Amino acid sequence: MGDLPAERRLSDPAEIAATLFPPRDLTPEAIEAGRRLFAREARFVAAAAEPAAIPPDGLPEIAFAGRSNVGKSSLINALCGRRMLARTSNTPGRTRTLNFFALSDRLVLVDLPGYGYAAAAKSAVAQWNRLLRHYLERRAALRRICLLIDARHGIKETDRPLFSLLDSCGAPYQIVLTKLDKLRDAEIDEVARRVTAELARHPAAHPEIHLTSAHDGQGLPALRAALGSFAETAAPSALAGPATRG
Ligand code: GTP
Ligand code: MG
C-alpha cells in the first residue's frame with residue numbers, strides 16, 4: 001500500500017488499484033478462467049427468510065453484503081452477464097431474503113438483504129440481523145463475503161455494525177467498491193485510499209479492494225477471476241470441453 005508521489009495523477013482505475021494495493025496474482029489465465037466460470041449457466045436455487053429455509057451446505061459459496069441500494073443484486077447480475085437473475089430496484093429494501101444462485105455446479109452466489117434504510121421497521125431489521133448472523137456464523141460452505149461499499153459515499157456509520165459482525169465471526173471478507181462509473185478519476189483515487197486506510201483497522205478484512213461498476217463493467221473481469229479461485233474445480237473430462245451457457 002505504497003504512497004503515491006504527489007505529482008503522480010492516475011487516471012486508469014486498474015492502474016490505481018495496482019499501485020495502491022498489493023499486486024494480485026491476476027494472470028491472463030486466471031482472468032480467462034473467471035470469464036469461463038461466470039459464462040456458465042446461473043440459476044436461482046432458493047430464497048430464505050428464516051434459518052430453517054437456508055439450503056444445505058454444498059458448493060463453495062460467495063456472499064454479497066452491504067447497505068441497501070449499494071448494488072448487490074446488480075453486481076451479481078453483471079458478474080453473470082444476466083439482467084434479471086437477481087431482482088434490482090431503485091427503492092431500497094428490494095432484497096429481503098437470502099437469495100441463493102448456483103453457477104452451474106461450481107459456485108453459489110448469495111444475495112443478502114441490504115441494511116441501513118430508514119423505512120425498514122425495527123422488527124424487520126432485528127429479524128434480518130438474526131438471519132444474517134445465523135448465516136455468517138454457521139455457514140461451512142461460505143468462502144468469502146464481498147462487502148459492497150458505494151464508491152460515492154465510502155464507508156458510513158451504518159456500515160459499522162456489519163464490519164463488527166464480520167470481524168467478530170471471523171468470516172473472510174473483502175471490500176468491493178460499486179458504482180465507479182459515477183466518479184471522476186481523482187474521486188476514485190481518494191475513496192480507494194480512504195477505504196484502504198480504514199481496512200488497516202480490520203484484520204479480518206482482505207487487504208485488497210475491488211473497484212467495480214455493474215453498469216459499465218469495469219473491474220468485473222478481475223472480480224470474476226478472484227472469486228473463481230474459490231470455485232469447485234471441474235472434473236478432468238469437463239475441463240477439456242467448452243464452458244456452457246444458459
Ligand atoms: P437492496 O436489495 O435494497 O439491498 O439493494 P441492492 O444492494 O441489491 O441494490 P440494487 O442492485 O437493487 O441497485 C440499486 C440501484 O443502484 C439500482 O437503481 C441500480 O440500477 C443502481 N446501480 C447498481 N449498480 C450500479 C452501478 O454500477 N452504477 C450505477 N450508476 N448504478 C448502479
Ligand atoms: Mg438487492
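This is a short tour of a predicted model, stop by stop, with something to select at each one.

**Stop 1: the whole chain**

Start with everything shown as a cartoon. You should be able to pick out eight helices and seven strands. The protein has 246 residues, and 47% of them count as buried. Take contacts between residues at least 6 apart in sequence: 75% of them join residues at least 24 apart.

**Stop 2: the sheet**

Now select the strands. They form an open sheet of seven, in the order β1-β3-β4-β2-β5-β6-β7, and the pairing is mixed. Which strands sit at the edges? Color 42-48 and 205-211: these are β1 and β7, and each pairs on one side only. Turn the view and you'll see the twist, which averages 25° from one strand to the next.

**Stop 3: across the middle strands**

Select residues 61-66, strand β2, together with 107-111, strand β4. The two pair in the parallel sense, over four bridges. For a landmark, find I62 in β2: its bridge partner in β4 is L109.

Next, add 142-150, which is strand β5. β5 runs parallel to β2, and six bridges join the two. Here G66 has L148 as its bridge partner in β5. Stay on L148 and look towards β6, where V176 stands opposite. β5 and β6 are also parallel, joined by six bridges.

Is β5 mostly covered or mostly open? Mostly covered: eight of its nine residues are buried.

**Stop 4: over the top from β5 to β6**

Select 160-169, helix α5, and keep β5 and β6 on screen. Together the three make a right-handed β-α-β unit. In the loop between β5 and α5, click on G154. G154 is buried, with a relative accessible area of 2%. What does G154 touch, not counting residues up to four places away in sequence? The list is I149, D159, V191 and R194. Try a distance label from G154 to V191: they are 37 residues apart in sequence, but 6.2 Å apart in space, C-alpha to C-alpha.

**Stop 5: helix α6**

V191 belongs to α6, so select that helix next, residues 185-199. α6 has 15 residues and reaches 21 Å from its first C-alpha to its last, close to the 21 Å expected at 1.5 Å a residue. Show side chains for I188, D189, V191, A192, V195, T196, E198 and L199, which are buried. An α-helix has 3.6 residues a turn, so residues three or four places apart point the same way. Bring the sheet back and you'll find α6 packed on it, touching β6 (173-178) and β7; the direction of α6 makes about 165° with that of β7.

**Stop 6: the cores**

Last, the nonpolar core. The largest one has 40 residues, and Y135 and L177 have the most contacts inside it. Helix α6 gives the most to this core, with five residues. Zoom in on L177 and leave aside its neighbours within four places in sequence: L177 is in contact with I149, A151, V191, A192, V195, I209, H210, L211 and T212.

Apart from the largest core lies another, of 24 residues; select V70, I76, C80 and L220, which are among them. In soluble globular proteins, nonpolar side chains tend to be buried together.

Conventions
Residues are numbered from 1 along each chain as its sequence is written. Chains are lettered from A and ligands numbered from 1 in the order in which they are written. This is a predicted model: local features need pLDDT of at least 70, side-chain atom pairs count only at pLDDT 80 or more; totals for chains, interfaces and linings use all residues. Side-chain values use heavy atoms; hydrogens and water are left out. A nonpolar core is a set of buried Ala, Val, Leu, Ile, Met, Phe, Trp, Tyr and Cys residues joined through side-chain atoms within 4.5 Å. Buried means under 20% relative accessible area, exposed over 50%, partly exposed in between (1.4 Å probe, protein chains only). Contact means heavy atoms within 4.5 Å. The expected span of a helix is 1.5 Å times one less than its number of residues. Two strands pair if DSSP finds at least two bridges between them. Axes are lines fitted to C-alpha atoms, for helices over the stretch in contact, and angles run from 0 to 180 degrees between N-to-C directions. A crossover is right-handed if, with the strands pointing away from the viewer, the path from the first strand over the helix to the second runs clockwise.
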